[in-house]
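Here is a predicted model to read strand by strand. Keep the sequence beside the coordinates as you go.

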Amino acid sequence: MENFGRRLYVTGVGPDTVEADLAALVFKYTHHQPESIDRVDLDTALPAYVLKFGGLNDGEIQQIAARINGMYWHQHEVAAHVI
């Protein structure tokens, strides 16, 4: 449970996107850099990622999710959920 509320589950990212591009998107719109990005479903047309953040204050992970959720990026709609 130590990581609960410190990670985002991000879907709707294009199949050609690399982790560095996703990290750059998140930083550009939130000014927070993920500690790690792991692709979690490798065999789908639109992969999903788990982004882990450290050192956030209460409510910041929800703000990050709200900033990128629903964003249209690389011809796909990104969905972000706190896990």
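β1 and β3 run antiparallel, joined by 4 bridges. Across this pairing, Leu8 faces Leu51 in β3. β1 also pairs with β6, again antiparallel and through 4 bridges. There, Val10 stands opposite Ala80 of β6.

Now add the remaining strand. β2 is joined to β3, residues 49-52, by 4 bridges, and these two run antiparallel. Ser36 has Lys52 in β3 as its bridge partner. The result is an open sheet of 4 strands with antiparallel pairing, in the order β2-β3-β1-β6. β2 (36-39) and β6 (79-82) are the edges; each has a single partner strand, so one side of each is left without a neighbour in the sheet. On average, and ignoring direction, neighbouring strands are turned by 20° against each other.

A helix packs on this sheet. Helix α2, residues 60-68, touches β1 (7-11) and β6. The direction of α2 makes about 15° with that of β1.

Which residues of β1 lie on its covered face, and which on the uncovered one? Leu8 and Val10 are on the covered face, while Arg7, Tyr9 and Thr11 are on the uncovered one. Leu8 and Val10 also belong to the largest nonpolar core, which has 20 residues. Together with Leu22, Leu51, Phe53 and Ile68, they touch the most other members. β1, α1 (19-30), β3 and α2 each supply at least two residues of this core. In soluble globular proteins, nonpolar side chains tend to be buried together.

Follow Leu8 outward. Setting aside neighbours within four places in sequence, Leu8 has contacts that include Tyr49, Val50, Leu51 and Phe53. Ile61, Ile64, Ala65 and Ile68 are also among the contacts of Leu8. So are His81, Val82 and Ile83.

Helix α2 also holds a charged residue, Glu60. Is Glu60 buried or exposed? Glu60 is buried, yet has no salt bridge. Its nearest side chain of opposite charge, Arg6, is 6.1 Å away; the cut-off for a salt bridge is 4 Å. Beyond four places in sequence, Glu60 is in contact with His32 and Gly55.

End in the loop between β3 and α2, where Asn57 lies. Asn57 has a relative accessible area of 52% and is exposed, because the limit for that class is over 50%. Asn57 and Arg6 are 51 residues apart along the chain, and their C-alpha atoms are separated by 9.9 Å.

Conventions. Residues are numbered from 1 along each chain as its sequence is written. This is a predicted model: local features need pLDDT of at least 70, side-chain atom pairs count only at pLDDT 80 or more; totals for chains, interfaces and linings use all residues. Side-chain values use heavy atoms; hydrogens and water are left out. Two strands pair if DSSP finds at least two bridges between them. Axes are lines fitted to C-alpha atoms, for helices over the stretch in contact, and angles run from 0 to 180 degrees between N-to-C directions. Contact means heavy atoms within 4.5 Å. A nonpolar core is a set of buried Ala, Val, Leu, Ile, Met, Phe, Trp, Tyr and Cys residues joined through side-chain atoms within 4.5 Å. Buried means under 20% relative accessible area, exposed over 50%, partly exposed in between (1.4 Å probe, protein chains only). Lys and Arg count as positive and Asp and Glu as negative; His and the chain ends are not counted.
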